[in-house]
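The following paragraphs lead through a protein model, from one helix to the sheet beside it and on to the buried cores. Please keep the sequence and the structure in view while reading.

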Amino acid sequence: MKTVFISYLHSEADGEKLDHLIQLLEENGIRVVIDERDLEIGDDLPLFMERNLVESDYIIVILTSGYKKRADDRQGGVGYEASIMAASLSKNEAVKKFLPVTFEAYRDEIVPVFLASKLASDLSDDVETKLFQRSFEKLKRTILGLSTTNRSSQNSSSSKVVKVADESDVVMTSVDDDENMQIMLTSIDSDEVTQPRNDGTPGSALYVVPFHLNHSPNRVWQQIFLQNWRFPPRFTTMHRGDIASVRGNRIILDGTTIEEVRDYHLETLKLVIQETNKQYKKLVIQEQQRQERERELKNKQRDNVKSVINDLKF
C-alpha cells in the first residue's frame, strides 16, 4: 500500500476539496497521513512531520498563497516541513516524491520557491466534472506507479503517447499528431462575458472575457502559456501579465474589457499562443528523443545479456 502525506495550511486549504481528495485516495487503496487526523494529544509534532516526510512514498502539497509565504519564509509548521522537503530536493533525493496540488487556478503567487520547477495537479474544477476526474486519475496513477498512457495510443504509429520524464500528471501527444499539438483561438461567446460592477471602485469597470480554444491544452502547455503571457515577446503598454488563466478549453482574461481585447490583447494573445505551441512542440520532440535513447540503451543491454548467457555452459 502506497502512503501519501499531505502538507497544507489549515486556514487556507479548501476543506471540502481536501476531504474529497482524501476519500478518493483511500477508496483507491492509498493510505493518507494528515496531521489533523493522525496526530494525537501529546505527540511530538516535529517528529511526526519528519517521520512522515521521510517515510511516505509521496508528499502532496496543497498550494495556497499563505502556504507559499510560510514555506518561503520558513515560518511555523509549514516552514519546517518546507525546509525538510527543500533539503531533500537540493540533494536530488526522491525528486518525483513531491506532488503540488492546487484547488484554485494555478498562478505563481501560490507556488513555493522549492516547488517552482514542478508541474502542479489542477483539482480546481468542481468535483463532479470530467476535468476534475481526469486530473485526479492522473494523480492517482502517479502515486500507484501506473502508466498514464493509453494502450490504444501506444499501439498506434501515428499518435504515440509519451509521458514527461519528471512530471507524472502530463501526457503529451507525439509530434506526428500536429492537429492535436496546435492550440488555436476559435471564438468568444458573448453570453460568457461577465458584467462590470461599475460601483466607482478601482477596476470596477473591468470584467471577464473568456476565449474558446479548439481543444483543452494539457498542464504542460498551460504553464508554458502562462509564463509566456507574463513575459510575451511583443506587447503593448496596456498588457497586464497577471490577468490570464486557462480553464479547460478556455483562456480567461479576468480584468479587461472587450474594447481592450479588440485594440490590444487579441494580437498579444495570438502571438503568445503561437510561441507556446512552438515551445511545447520542441519539448515533445526532446522527450521523444530522450525516450528513444532510453529504449536503445535498454535494447543494447538486453542484447548484451542474451549474448553472454548464450556463451555460458552449464
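At the start of H1, which side-chain oxygen reaches to within 3.1 Å of the backbone nitrogen of Glu16? It is a side-chain oxygen of Asp14. The model is predicted, so local features need pLDDT of at least 70 and side-chain atom pairs count only at pLDDT 80 or more, while totals for chains, interfaces and linings use all residues. Residues are numbered from 1 along each chain as its sequence is written, and side-chain values use heavy atoms, with hydrogens and water left out.

Helix H1 covers residues 15-27. Helices (H or I, at least four residues) and strands (E, at least two) are DSSP runs, numbered from the N terminus. The expected span of a helix is 1.5 Å times one less than its number of residues; for the 13 residues of H1 this should give 18 Å, and the end C-alpha atoms are indeed 18 Å apart. Just after the helix, Gly29 takes a positive phi of about 80 degrees.

The buried residues of H1 are Lys17, Leu18, Leu21, Ile22, Leu24 and Leu25. Here buried means under 20% relative accessible area, exposed over 50%, and partly exposed in between (1.4 Å probe, protein chains only). These buried residues cover an arc of only 165 degrees around the axis, which puts them on the same side of H1; the arc is that of the directions from the helix axis to the C-beta atoms. An α-helix has 3.6 residues a turn, so residues three or four places apart point the same way. The face turned away from the buried side of H1 carries the exposed residues Glu16, Asp19 and Glu27. What covers the buried residues of H1 includes strands E1, E2 and E3 and helices H2 and H6.

The covering strands E1, E2 and E3 lead into a sheet. Five strands form an open sheet in the order E2-E1-E3-E4-E5, with parallel pairing. Two strands pair if DSSP finds at least two bridges between them. Strand E2 (31-33) and strand E5 (121-122) stand at the edges, each with a single partner strand, so one side of each is left without a neighbour in the sheet. Strand E1 (residues 3-7) is joined to E2 by 3 bridges, and Thr3 has Arg31 in E2 as its bridge partner.

Asp122 lies in edge strand E5, yet it counts as buried at 5% relative accessibility. Its side chain makes a polar contact of 2.5 Å with the side chain of Ser124. A polar contact is a pair of N or O atoms within 3.5 Å; within protein, one must be able to donate a hydrogen and the other to accept it, and residues adjacent in sequence count only if both atoms are side-chain atoms. Leaving out residues up to four places away in sequence, Asp122 touches Thr102, Glu104, Ser135 and Arg219, where contact means heavy atoms within 4.5 Å. In helix H2, by contrast, Glu36 is exposed, at 58% relative accessibility. Beyond its neighbours within four places in sequence, Glu36 is in contact with Tyr8 and His10.

A second group of strands involves E11. Strand E9 (residues 207-213) runs antiparallel to E11 and is joined to it by 6 bridges, with Val209 and Leu253 as bridge partners. Strand E10 (residues 244-247) also pairs with E11 (residues 250-256) in the antiparallel sense, over 4 bridges; one partnership is that of Ser245 with Ile252. The hairpin of E10 and E11 has 2 residues between the strands, and Gly248 takes a positive phi near 60 degrees there. Of the 7 residues of E11, 5 are buried, so the strand is largely enclosed by the rest of the structure.

Ile251 is among the residues with the most contacts inside the largest nonpolar core, which has 47 residues; others are Met85, Phe114, Leu115, Phe225 and Trp229. A nonpolar core is a set of buried Ala, Val, Leu, Ile, Met, Phe, Trp, Tyr and Cys residues joined through side-chain atoms within 4.5 Å. Among the residues that Ile251 touches, not counting those up to four places away in sequence, are Val209, Trp221, Phe225 and Ile273. A second, separate core of 23 residues includes Ile6, Ile62, Phe132 and Phe136.

His265, in helix H10 (residues 258-311), is buried with a relative accessible area of 1%. Its side chain and that of Thr256 are joined by a polar contact of 3.2 Å.
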